[in-house]
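Student: I have a model open and would like to learn how to read it feature by feature. Could you walk me through it?

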Amino acid sequence: MGKDVSPDAFTPRDRGRYRRKVQRCLDTLARMLSDGSFTFPRKHIGLEVELNLVDEDMRPSMSNTAVLNALDDASFTTELSQHNIELNVPPCPLDGTSALRLESVLDSYLDKAHVKAGEAGALVAMIGVLPTLKSEHFDEKWLTNSARYSLLNEEILASRGERPLLSLEGVGLPERAPERLRSFAQSILPEAACTSVQLHLQVAPEEFAPHWNAAQCLAGVQVALGANSPFLLGKALWHETRIPLFLQATDTRPEELKNQGVRPRVWFGERWITSIFDLFEENVRYFPGLLPETDDEDPMEALESGEVPKLTELRLHNGTVWRWNRPVYDVVDGRPHLRVENRVLPAGPTVLDMMANATFFYGAQRALAEQERPVWTQMSFQAAEENLYAGARNGFDAHLYWPGIGWIPPDELALRVLLPLAREGLRNSDVSDAVADRYLGVIEQRCLRQRTGSVWQRDTVLRAEERGMDRDAALATMLTRYLELSRSGEPVHSWPID
């Protein structure tokens with residue numbers, strides 16, 4: 001999805017050519033996997049952070065063009081809505097004390113973003129869902145000015161044939177009744193409300209399947225422990241509302257196709273895998289092209305002539321199937337490599353919290369991937385998917401299934417099982433004890449105090465409403481305080497409830 005496309009409408013001939021080209025790319029990838037075309041000198045990690053821009057009244061600031069011009073830094077790019085930008089942090093090794101350096105680099109980038117956004121009259125908000133969004137901010141006119149985004153919007157709406165419906169029943173604030181949201185959108189811009197942290201791990205081809213399966217097993221506990229998205233359009237909904245919101249905002253299926261069991265493009269998947277090829281092949285088999293643009297490369301001929309194929313169409317197609325753990329093929333410095341992209345976590349609340357979430361994930365993923373009897377051989381794929389939705393909806397109040405234990409709250413699962421595993425996985429990845437102590441300690445304290453960004457937001461809004469504020473004022477007041485505490489750098493489990 002990082003590739004611009006032609007602004008011209010696509011024809012049936014374009015779609016046929018695209019389908020054939022994607023299949024040619026898939027065949028080429030199969031050849032590369034069987035021939036051992038991938039080099040793997042050292043594990044690298046990468047990180048992307050999606051950011052919101054707000055004005056001094058805490059409303060969305062539709063100023064990403066001005067902010068990006070002020071930044072003048074290729075590490076910052078556009079996102080779907082004019083109130084979003086994205087930070088792509090350069091990859092770094094996983095081992096040693098690299099994570100501490102990455103934390104420092106993240107701080108530097110975000111300090112720069114705060115300064116340059118201020119010059120454009122905006123503030124940067126690092127949060128899963130901006131709580132002050134209104135339905136008016138989902139108007140098509142607020143799409144970022146890019147052919148890619150306009151065509152994506154048109155194609156999804158045309159495929160669906162009707163306006164996206166946002167329909168959610170929330171988890172009530174303490175001692176309050178559950179709140180419900182039912183709202184039609186004019187565009188796919190509700191997707192832009194979902195701002196996330198995307199974690200990348202470079203893996204060898206033979207390591208991909210166990211690492212992806214392990215990531216799927218971890219998804220439910222990840223969102224429960226990292227939830228930071230409790231409000232949307234003035235309603236208190238799920239602890240991690242991004243999860244169902246993303247599904248509904250980009251759903252290409254009308255009700256009839258849902259009833260037939262047609263797969264959604266925001267997808268957990270449906271089975272454990274044995275190769276990265278399984279995922280790319282499913283994407284090609286099940287999902288029609290949304291942006292069917294082709295280039296002139298014959299990927300098989302490129303491979304046979306000793307070149308590294310770009311696989312442009314397969315990569316573009318892969319970018320329009322939003323798996324929560326996505327396979328990635330990329331070419332860097334003339335070398336092809338494979339990555340697992342973990343997409344379940346929200347942005348924020350602080351750099352330290354995000355680094356803790358990342359370190360916990362990388363460590364636990366490595367340990368689970370290397371177990372003699374893998375956990376995914378002891379649980380159904382459906383159980384892992386149900387864990388994702390339970391963790392997203394209920395946060396610390398969720399009950400997750402884990403083999404050998406049964407149903408267990410996420411904080412207890414982390415403290416008893418996954419934090420020790422994460423430490424083991426980090427040690428096996430040659431990550432320093434100082435890194436493990438710093439970041440896993442944050443996760444441990446978050447579990448002991450049962451305070452995520454979502455819990456803090458919900459409690460702070462409730463306290464403001466008890467003082468007589470209406471919901472809009474309470475959300476704006478909460479967000480103002482959130483930004484102050486986020487800039488302080490102290491992890492969210494230590495934040496006071498004013």
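Tutor: We will go through a helix, some cavities, a few aromatic rings and some unusual backbone spots.

Tutor: Keep in mind that this is a predicted model.

Student: Let's start with helix α1. What should its 24 residues span at 1.5 Å a residue?

Tutor: The expected span is 1.5 Å times one less than the number of residues. For α1, residues 12-35, that gives 34 Å, and the end C-alpha atoms are 35 Å apart, so the two values agree.

Student: Which residues of α1 are buried?

Tutor: Buried here means under 20% relative accessible area. In α1 the buried residues are D14, G16, Y18, K21, V22, C25, L26, T28, L29 and M32.

Student: And what do those buried residues pack against?

Tutor: Their partners are three helices and two strands by label: α8 (276-286), α9 (299-304) and α10 (312-318), together with β12 (325-332) and β13 (335-346). Look just past the end of α1 as well, where G36 has a positive phi of about 70°.

Student: Where is P292, and is it buried or exposed?

Tutor: P292 sits in the loop between α8 and α9. Its relative accessibility is 4%, so it counts as buried.

Student: Beyond its neighbours within four places in sequence, which residues does P292 contact?

Tutor: P292 touches F10, D14, R15 and Y18. Two of these, D14 and Y18, also appear among the buried residues of α1. For contrast, take P91: P292 and P91 are 201 residues apart along the chain, and their C-alpha atoms are separated by 30 Å.

Student: Now the interior. How many cavities of 30 Å³ or more are there?

Tutor: There are 3. The largest encloses about 90 Å³. Its lining has 14 residues, and those closest to the centre are I45, L94, A99, T359 and Y362.

Student: Which elements give two or more residues to that lining?

Tutor: They are β1 (44-54), α3 (98-119) and α11 (351-369). The largest share, 4 residues, comes from α11.

Student: What is the chemical character of the lining of the largest cavity?

Tutor: By class, 12 of its residues are nonpolar and 2 are polar, with no charged ones.

Student: What lines the second largest cavity?

Tutor: That cavity holds about 50 Å³. Its lining consists of Q222, L225, G226, L345, N357, F360, I443 and R446. Two or more residues come from each of α5 (205-226), α11 and α14 (433-449). The biggest contribution is from α5, with 3 residues. Here the classes are 4 nonpolar, 3 polar and 1 charged.

Student: On to the rings. How is a pair of aromatic rings described?

Tutor: The distance of the centres and the angle of the planes describe it. This structure has 15 aromatic pairs. In one of them, F246 and W324, the centres are 6.0 Å apart and the planes meet at 75°, so the pair is edge-to-face; the cut-off for that label is over 60 degrees.

Student: Where do F246 and W324 lie?

Tutor: F246 belongs to helix α6 (residues 242-249), while W324 is in the loop between β11 (322-323) and β12, so the pair ties together parts that are 78 residues apart in sequence. Both residues are buried.

Another edge-to-face pair is W267 with F287, at 5.5 Å centre to centre and 75° between the planes. W267 is in strand β10 (residues 266-267) and F287 in the loop between α8 and α9, 20 residues apart. W267 has 5% relative accessibility, so it counts as buried, and F287, at 5%, counts as buried too.

Student: Which residues do ring pairs link into a cluster?

Tutor: The cluster is made of W212, F268, W272 and F381.

Student: Last, the backbone. Which residues does a cis peptide bond join?

Tutor: G348 and P349, with omega about -5°. P349 is in the loop between β13 and α11.

Student: What phi do M58 and L311 take?

Tutor: M58 is not a glycine, yet its phi is positive, about 75°. M58 lies in the loop between β1 and α2 (64-71) and is buried, with a relative accessible area of 4%. L311, also not a glycine, has a positive phi of about 50°. Its place is in the loop between α9 and α10, and L311 is buried at 0% relative accessible area.

Notes. Residues numbered from 1 in each chain as written. Predicted model: local features only at pLDDT ≥ 70, side-chain atom pairs only at ≥ 80, totals over all residues. Heavy atoms only, no water. Buried < 20%, exposed > 50% of the residue type's maximum accessible area, 1.4 Å probe, protein only. Contact = heavy atoms within 4.5 Å. 1 Å grid on protein atoms, 1.4 Å probe; cavity = no way out; pocket = protein on both sides within 12 Å on 5 of 7 lines; lining within 4 Å. Points joined across faces, edges and corners; volume = space filled by probe spheres on them. Nonpolar A, V, L, I, M, F, W, Y, C, P; charged D, E, K, R; others polar. Phe/Tyr/Trp six-rings, centres within 6.5 Å; stacked < 30°, edge-to-face > 60°.
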